[in-house]
Amino acid sequence: MTKALALINDKRVRDWIYQLALIVGLVALTVYFVRNASQNMVKAGIASGFDFLWRTSGIDVPFVLTSYTQADNILGLFWAGVANTMLVTVIAIALATLLGFVLGIARLSSHWLLSTLAGAYIEFVRNIPLLFFVLFWYFGVIAALPAPRDSLSVFGIAFLNNRGLTIPLPDAPANFRWAIAAILLAWLAQWLVAFWARRRKDRTGRDAPVVAIGLVLVILVPILAIAWASLATRWDIPILRGFNYRGGFVVIPEFVALLAALVTYTAGFIAEIVRGGIQAVPHGQTEAASALGLRRGPILRFVTIPQALRVMMPPMTNQYLNVLKNSSFGAAIAYPDVVSLFMGSALNNTGQAIEIIAMTLAVYLVIGLAVSALMNWYNARIALVTR
């Protein structure tokens, strides 16, 4: 009895008991809801299970990155939607980060006009719904472009009109695979050189020409690899036939509108994060760098931003997750993402609401957790180590 009371009075034991009770309660609640939903579906004559994934889809998708066709099953349609969601998310995160950094630094500029314009843009964006940006870019910008016969030509090989951007497509992508492999090897070599240079400097105090080697491996090699692949490959050039262009690859206007909306909207929030991170760096750091003779540009690149990143990473993670979730607004303009294709078209064709909604939620959950894990890893890498 005394041992049992001692265990109960132990805070760690009580914490484990509370957590175990909470888990058991959640599992029991989940089982109850699942059984209740299953019984109701049986009474209503609604089929359940995931056998519908192997039915023939028959749904046409205008923008496909995978090998999906109408003759494929619904599972193939699902992966096509996931690929389209990932494409717009990754590109939007990269471009919004670049634009956000530019706007955040511009808002801190001593140039009055530049700072005012950046501030006005940021305040405007942060107080307007995202749906407005999606509809503005789609109906206000893309729809105002000329018809295919009056397309805006880019060097006579790419054509922009209100049906999208038509670009050349390589007939055989094998050369580009070799080019990508060469680029990845060059970047790996640069990482190894940088690692070796740090170890060498720690041992001997001698510097290595890391910057010069990096310019060759990170910039020159990719340029030469892409140029070689482009010249060694036959291209399918778009040609105007009838009322539209034939051949090449069409970047649909829904993708362009959604991407532009996500970038211009999210950049306003990232700009405020950048501004706050830079202002969080103690002024003594910049004053010390200035006393050493550094100019404002090098101070910003080598002193301010590396320290500001420690402050910016947690809120930046939230913005990256918001980009992922906000990509679902593409359904408003029929962009074929996982929400539009799977929760829209596939759900209407099959009626498997619970399974389809659960799979869609699982996609966003898994990708969101992966993004969070990656950002947390990077945040731990740049965190200030103290004794």
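Three exercises on a predicted model follow, each with a worked solution.

**Exercise 1.** Determine which helices contribute to the nonpolar surface patch, and classify Val 218 as buried, partly exposed or exposed.

Solution.
- Step 1: The patch covers about 780 Å² and is made by Ile 180, Leu 184, Trp 187, Val 211, Leu 215, Val 218, Ile 219 and Ile 223.
- Step 2: At least two patch residues come from each of helix H6 (174–204) and helix H7 (210–231).
- Step 3: H7 gives the largest share, five residues.
- Step 4: Val 218 lies in helix H7. Its relative accessibility is 35%, so Val 218 counts as partly exposed, the class between under 20% (buried) and over 50% (exposed).

**Exercise 2.** Locate Thr 66 and list the residues it touches, not counting those up to four places away in sequence.

Solution.
- Step 1: Thr 66 is in the loop that runs between helix H2 (11–43) and helix H3 (74–107).
- Step 2: With a relative accessible area of 34%, Thr 66 is partly exposed.
- Step 3: Beyond four places in sequence, Thr 66 is in contact with Trp 79, Ala 80 and Ala 83.
- Step 4: For Thr 66 and Ala 80, the sequence separation is 14 residues and the C-alpha to C-alpha distance is 5.8 Å.

**Exercise 3.** Describe the largest pocket and find which helix supplies the largest share of its lining.

Solution.
- Step 1: The volume of the largest pocket is about 470 Å³.
- Step 2: Its lining has 14 residues, of which Leu 108, Ile 278, Arg 296, Leu 300 and Thr 304 are the closest to the centre.
- Step 3: Helix H8 (253–280), helix H9 (283–291) and helix H10 (296–326) each give two or more lining residues.
- Step 4: The largest share, five residues, is from H10.

Notes:
Residues are numbered from 1 along each chain as its sequence is written. This is a predicted model: local features need pLDDT of at least 70, side-chain atom pairs count only at pLDDT 80 or more; totals for chains, interfaces and linings use all residues. Side-chain values use heavy atoms; hydrogens and water are left out. Patches are made of residues with over 30% relative accessible area and no salt bridge: like charges are joined within 9 Å, nonpolar side chains (Val, Leu, Ile, Met, Phe, Trp, Tyr) within 5 Å. Accessible areas come from the Shrake-Rupley method with a 1.4 Å probe; for residues, only the protein chains shown count as cover. A salt bridge is a side-chain nitrogen of Lys or Arg within 4 Å of a carboxyl oxygen of Asp or Glu. Buried means under 20% relative accessible area, exposed over 50%, partly exposed in between (1.4 Å probe, protein chains only). Contact means heavy atoms within 4.5 Å. On a 1 Å grid over the protein atoms alone, a cavity is a set of points where a 1.4 Å probe fits but cannot get out, and a pocket is an open set with protein on both sides within 12 Å along at least five of seven lines; lining residues have an atom within 4 Å of a point. Grid points are joined across faces, edges and corners, and a volume is the space filled by probe spheres set on the points.
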